[in-house]
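Colleague: Please give me a close look at one part of this model. I want to know which strands pair, in what sense, and what lies against them.

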Amino acid sequence: MQTLLDKIGIIDYKYEKLREQNDFNIFSLLLNKHDEVNLHSNFIAELLDPEGSHKLGRKFLDHFLTLCGVEPTKLTQPEIFREFRNIDILIRSKELTIILENKIWAGDQDRQLDRYYNTIVKEGTANILIIYLSLDGKEPSGYSLGDLQINDNLDSLLLTLSYSADIRNWLGHCIKEAALTPSVRETIIQYKNLIEELTGNSMSREEMLELMALLGKNDNVLHAKKIVDNWIHVRWYTEWDFWNELEKKVEGEYTVLPNHKFSGDSLDVAIHRSRKRNLQYGLMFSVKKIGTHDICLYIERGDDNMYYGITILDENNNRAVSDLPIYNDLASKLKELSDWDREANWIAGNWFSEHINLEYFGEENTIKLVNPEYRRDYINKLWNEIKDYIKICELESFELPVGEPAA
């Protein structure tokens, strides 16, 4: 196995050097490649729009409808809307309305798909299709589906698509349709290259053939199969080691609370996937006691890039107290120091500067956590970032206004 991996490393190194000679991409130069709204939703919506600047009518849209199992000729005068009542992309005609929820890294929101569905239903629309688009085609969580989970027609109502297969395939058709429009064709090619980078599909045909030749020798393919068969266990133990090592780091300065703490069961549910899974777990510790309330720092896995934030916990382990008026001043102060401000159960919070996504487990930063030395260094950076945040927020010296009890 080691010999096989060494040889794969040599092939990868050779083609990586070739890729570096042709890595110009206008999208990643001008925008964050993970930006769901300003990059991905906007560009996809522009291609779908029959009135789009590409001037190719509904050709791109029809290929997308076919991908979704919808007969294009059955949709007359389709309209495309962006951010329609918070819906990423809405395709609407008198025959069918398609709700497209686009997920690159952002996590599911409470009853998100359920709310979007009911928004369209209230407009008197009968035929609705919900498309949940993610990098790897995962299903939406029960947290997002809400009451849709008990809808008898959920299987026909909901369609999951992936960037890694479905969108790449669709973009391939779009490139062919734009063959005689060079500016449009080359722009789509660059976007497709970006998608291949995001989904780990940037391997060239030549590199693939060279790897196939290597796997065809001796028992190499059997050794490779053993690695593939155990990949889910690699994911599980990598995340388990990550949380345990991070917990030891936290315990050096604070007491870890049992609330929403990671466990073997929570990892099982998250990694083995279930539509009803709840990915809200991680590590929580109290920074300061205010009466019967604890001001806590919570590091949460979620179902996107890992993040951390400030939450308030009462004596009954209820986080809803984070929304009490007595914490308005704290929320206002932290709003200027955080990536996102007050919402249900949170005062404020941040994404880590070096993103990892344990749910997707596809990007280099995340996969390299398998390496104990890399994992240790990452945890040290993460912990220093959290301590700096606690310090600039002045949490340990925070006091309530005079006369305001915390219970």
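Modeller: Two strands count as paired if DSSP finds at least two bridges between them. Keep in mind that this is a predicted model. The part to look at is an open sheet of five strands, ordered E6-E7-E8-E9-E10. Its pairing is antiparallel.

Start at the edges. These are held by strand E6 (256–257) and strand E10 (348–351). Each has a single partner strand, so one side of each is left without a neighbour in the sheet.

Now move inward. Strand E7 spans residues 282–290, and strand E8 spans residues 293–300. The two run antiparallel and are joined by eight bridges. Within this pairing, methionine 284 faces tyrosine 298 of E8.

A helix covers part of this sheet. Helix H12 (residues 231–251) lies across E6, E7 and E8. H12 runs at about 15° to E7.

For contrast, take the sheet ordered E1-E2-E3-E4-E5. It too is open and has five strands, but its pairing is mixed. Strand E1 (79–84) and strand E5 (158–162) form its edges, each pairing on one side only. On average, neighbouring strands here are turned by 20° against each other, direction ignored. Strand E4 (residues 128–134) pairs with E5 in the parallel sense, over five bridges. There, serine 134 has serine 162 of E5 as its bridge partner.

So read the E7 and E8 pair as antiparallel, and the E4 and E5 pair as parallel.

Methods. Residues are numbered from 1 along each chain as its sequence is written. This is a predicted model: local features need pLDDT of at least 70, side-chain atom pairs count only at pLDDT 80 or more; totals for chains, interfaces and linings use all residues. Side-chain values use heavy atoms; hydrogens and water are left out. Helices (H or I, at least four residues) and strands (E, at least two) are DSSP runs, numbered from the N terminus. Contact means heavy atoms within 4.5 Å. Axes are lines fitted to C-alpha atoms, for helices over the stretch in contact, and angles run from 0 to 180 degrees between N-to-C directions.
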